[in-house]
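Colleague: Could you walk me through this structure step by step, as you would for someone new to reading strands and helices?

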Amino acid sequence: MKTSNTVYVSREFNCTKSKLFEWITQPDLISKWFGPKHLSVKNVTNELRVNGNYNIEMIKPDGSTFIIGGKYLEIEEPNKLKFSFAYVGLAETPPESTVEIILEEINATQTKLSLIQKFETVPADMENRTKAWEGMFFKLTGLI
Amino acid sequence: MEKVFSALADNNRRKIIELLSKDDSTLLELSEQFSISFQALSKHIKILETAEIVTKKKQGKYRVLTLNRDTLKSPLEWITYYSQFWNSSFDNLEEEINKTGE
């Protein structure tokens, strides 16, 4: 049982560290992979500098859109990227979080990506909101 | 729910939860696992009790701390959602990278 407000995900990719850094920072590349399968990306804009904003416009299966966005907090090309992560335009908004991505070279052709997402900010009316958006997400992910 | 998140936003309290997830424990037993003072630990336990994550029950002359698993269910569910969000995204990324042969 995992008991924390932190999400950890790690994955190995068949490309170099600098190539993987491009995949996670270039808008045209982000739009090709970001989000679970039931969501698609409509548009990505970013200003890749510390305190620069990024915006990822997502399309839900019903055609409506919402934005996942935030600010870049740390950029250490091609090793590390840290950014705030928030939802805009959803009736029920999940709490804000900070996402840190660390890239490590395994060998000349493979790179390990580690992602840590920490939820630190809790909306004041969390108690009322949580059930609604939880239900929405779980429906979307097919868990219910 | 908000209390639960505030309660979870601390390393010591997360460690308490982790230890209690393995087995019920008395405050004294827990204190052996921490370098912080007994008073500080009591304070953390109090916060966990207020958030209803931990319950204190009297067993004989001891007070035993138990983890309230139901309280943690909701936060754990949406943490699961986010793990899936990223895992699914990285499935796509893996596919794209392998496609380009980079």
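**Strands in chain A, then chain B**

Modeller: In this predicted model, strand β6 of chain A, residues 97–107, pairs with β7(A) in the antiparallel sense over 10 bridges.

Colleague: How many residues lie between β6(A) and β7(A) in the hairpin that they form?

Modeller: Strand β6 of chain A covers residues 97–107, and β7 of chain A covers residues 110–119. Within this pair, A:N107 stands opposite A:Q110 in β7(A). The number of residues between β6(A) and β7(A) in their hairpin is 2.

Colleague: Which residue in β7(A) does A:V9 stand opposite?

Modeller: Strand β1 of chain A, which spans residues 6–13, also pairs with β7 of chain A, in the antiparallel sense and over 8 bridges. The residue in β7(A) that stands opposite A:V9 is A:L115.

Colleague: In what order do the elements of chain B run from the N terminus on?

Modeller: Chain B has 5 helices and 3 strands, so there are both kinds of element to place along the chain. Read from the N terminus on, their order is α-α-β-α-α-β-β-α.

Colleague: What percentage of the residues in chain B is buried?

Modeller: A residue counts as buried when its relative accessible area is under 20%. Chain B has 102 residues, and the buried part of them is 45%.

Colleague: What share of the area that chain B exposes do carbon and sulfur atoms supply?

Modeller: The area exposed by chain B comes to about 5600 Å². Of that area, the share supplied by carbon and sulfur atoms is 45%.

How values were computed
Residues numbered from 1 in each chain as written. Chains lettered and ligands numbered in written order. Predicted model: local features only at pLDDT ≥ 70, side-chain atom pairs only at ≥ 80, totals over all residues. Heavy atoms only, no water. Pairing = 2+ DSSP bridges. Helix = DSSP H or I, 4+ residues; strand = E, 2+ residues; numbered from the N terminus. Buried < 20%, exposed > 50% of the residue type's maximum accessible area, 1.4 Å probe, protein only. Areas by Shrake-Rupley, 256 points an atom, 1.4 Å probe, with all protein chains shown as cover.
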